[in-house]
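Trainee: Could you take me on a close look at one part of this model? I would like to see how the pieces of a single chain sit against each other.

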Amino acid sequence: MNTAVVAFAQTEHTGEDSGLTEVELLAPVITAIKERTGLSRFGFTCSGSLDYLAGAPFSFVSALDAVGAWPPISESHVEMDAAWALYEAWVRLQHGDIDTALVYGFGKTSQPGRGGGVRHNTGLRALMTLQLDPYYLAPLGVDQVSLAALQARAVLEGGHKEDDLRAVAARSREAGRGNPYALDLPEPGDEDYEVVPLRPYDCPPVTDGAAAIVLATGDRARELCETPAWIRGIDHRIEAHSPGARDLSRSESAALAGEKAGARGVEIAELHAQFSHEELILRDALGLSDDVRINPSGGALAANPMMATGLIRIGEAASYVHRGQARRTLGHASSGPCLQQNLVCVLEA
Amino acid sequence: MPPSDTEVGALVADHALEFPGGYTRSVGPVIGRFLTELRDGRLVGVRTASGGVLFPPLEYDDDGEAVTGEFVEVGPDATVQTYAWVPRPLPGHPFDRPFAWALIKPDGADTALLHALDLGEFEPGAKQPKTLRTGLRVRPKWRATRTGGITDIECFRPEVTMIGAPSRVEYRLSAGKALTRFLTGIAEGRFLGHRCGVCGKVYVPMKGLCPVDGVPTTEEVEVPDTGTVTTYAVNNIPDPRAPAVPFVSAYILLDGSDIAMLALVAGIPADQVRMGLRVKAAWKPREEWGRTMENITWFEPTGEPDVPFEDIQDYV
């Protein structure tokens, strides 16, 4: 079943709490994408979010208020980045009995932490410890940035320099400044390490935001969009959770997902690299040559509304096709510590 | 805390999400065996179907194959695979001072454990120490009271590769006849020396003999406390006698003497000291004088023109 991204909408992400709840962030995005497609009902609805970001169980259920779920709709949710909600919706569409799906994700990383985590990301760093295995990792209190730094060290030992990381951060922030939806972050300065070898600019900024995508199949996609971004391949792979059981300097799961999704011959790649060294690993794993443009949106280093960040990569990749800026693009999403799980989606005009 | 207004006017409040006492979790036979051995002070891995040793043990290897029931003791010696230096620990971290996270592979295992690595006492924000590197050999530091959890290992520590070797012997030394006479002069604010009866050279301090001619010397001469820097060194290691770091130690040829003596030079930035600089002794207050060179804190520039190199080249 030929399936395409026919519409994409996102918030103008903020680097601080703007005083809106998650539902209030999401509602305008849903409204916008309904207007853009002229659709008010969808064959399937699927979302990705993380209740721990709000500190409230079943907070994803309240988000349905933004969608309008009466009369009852066919709906699902993943406690993952919404890129995996898009995968579920894509699978659902392959049945052929429906022809549209709404996918959305949202997150406020400004909320975790005593007194809010806005100034420093310490609240989020500590919160992400809760995603780790409860026997060997979580009791140590190892945080998100520390885990990433272990992987960054492995990348540096593989022959990269810290300047390579800085170059990724500088390019991402510059691109972000040109993207009205991303944050306006300065040129990387002379900042002390957060956890060696990562400096604050190598880490994702605190970000609040939401995004939505509409998928449609066959003729319905052509009705809804002048240039649908057809999903030519989509695949996700996972590897061992324990960072000590794999070679952190490379990503086998990204390589395999890329191979299965057909990540060849793309002009632009939107990579969900939350830390600058992750981009270096992903370029290698996906075999992206130097002439592939990486993250013209700025990527996660310029705006990281968690649980929507991966979905936004697919949305941005689709937008280049919609606007005729590229014929074949790639959107990538990742999940888990040290790029444990990777999803690759290849889109084409 | 009661809700309060922010600048944007929205209400905010502090909120905590907690399961008091923590969840009770079953560990199963594989992780359970590991934790039991850990409590008893041993590290064990589990043999995988392909013959490797998975550490810490899990029920399945990364090929998805169930592990065997064979547990293998590994370590305690282990090697650092990769690491991350934490200059400013977070509240949930195992140390409140800088430390490292590391993936640590015990000898005999094929996979690594994530744990904390203690490299000693550091100030907050400390730079990553040079001793931290891939390949560092480490061992676990066990907690005295263990309960069967991964934190039964307090941390890992580097193997002992060096020790401090205290070295001290005590003496009672006599200054000897010549030096006693010289220091007696210093106690009076005078520099005394001997002139050699053969070559005519003046030695300050005197030795009581001429090292050139090998003859005793007895003719006492007094020289002034002014002189010329013949050569010098800029020191960057702190010294209790020096005013600050960097400081300069110099050879000073006292006027009328034929041998330079070693002293500190101060009262001038270290990078402006030069060969040929004219200097004068800076004496402590007279009431503090004794039969010791400590009467002179250092030499300071006199402001006179420099002495040309040709005039001091024989003394360098």
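Mentor: Happily; we will look closely at chain A, going from its domains to a pair of its helices, and then glance at chain B. Please keep in mind that this is a predicted model.

Let us begin with the domains. Chain A is split into domain 1 (3-112 + 206-229) and domain 2 (122-203 + 230-348). Notice that each of them is written as two stretches of the chain. Between the C-alpha centres of domain 1 and domain 2 of chain A there are 21 Å. Where they touch, domain 1 of chain A contributes 38 residues and domain 2 of chain A contributes 33 residues.

Now stay on the domain 1 side of that contact. The elements of chain A that give two or more residues to this side are strand E1 (3-10), helix H2 (51-54), helix H4 (82-93), strand E4 (100-108) and strand E5 (208-217). Try finding H4(A) in the picture, as H4(A) gives the most to this side, with six residues. If you sort the domain 1 side by class, you get 23 nonpolar, twelve polar and three charged residues.

Next, let us zoom in on two helices. Two packed helices are described by the angle between their axes and the distance between the axes. In chain A, take helix H6 (residues 144-157) and helix H10 (residues 276-286): their axes come within 9 Å and cross at roughly 55 degrees. Because of that angle, H6(A) is oblique to H10(A). The crossing of H6(A) past H10(A) is left-handed.

Which residues meet there? From H6(A) come Gln151(A), Ala152(A) and Val155(A), and they meet His277(A), Leu280(A) and Ile281(A) of H10(A). By class, this helix contact has four nonpolar and two polar residues, and no charged ones.

Finally, look at the neighbour. Chain A has 33 residues in contact with 34 residues of chain B. On the chain B side, strand E6 (78-86), strand E7 (99-106) and strand E8 (113-117) of chain B are the elements giving two or more residues. The largest share of that side, five residues, belongs to E6(B). Sorted by class, the chain B side has 20 nonpolar, twelve polar and two charged residues.

Chain B also has domains of its own: domain 1 (26-158), domain 2 (175-223) and domain 3 (225-316). The C-alpha centres of domain 1 and domain 2 of chain B are 69 Å apart.

How values were computed
Residues are numbered from 1 along each chain as its sequence is written. Chains are lettered from A and ligands numbered from 1 in the order in which they are written. This is a predicted model: local features need pLDDT of at least 70, side-chain atom pairs count only at pLDDT 80 or more; totals for chains, interfaces and linings use all residues. Two residues are in contact if their C-beta atoms, placed from the backbone, lie within 7 Å. Helices (H or I, at least four residues) and strands (E, at least two) are DSSP runs, numbered from the N terminus. Ala, Val, Leu, Ile, Met, Phe, Trp, Tyr, Cys and Pro count as nonpolar, Asp, Glu, Lys and Arg as charged, and the others, Gly among them, as polar. Domain bounds come from an automatic or database domain assignment. Axes are lines fitted to C-alpha atoms, for helices over the stretch in contact, and angles run from 0 to 180 degrees between N-to-C directions. Angles under 35 degrees count as roughly parallel, over 145 as roughly antiparallel, 65 to 115 as roughly perpendicular and the rest as oblique. A crossing is left-handed if the near helix is turned anticlockwise from the far one by less than a right angle, and right-handed if clockwise.
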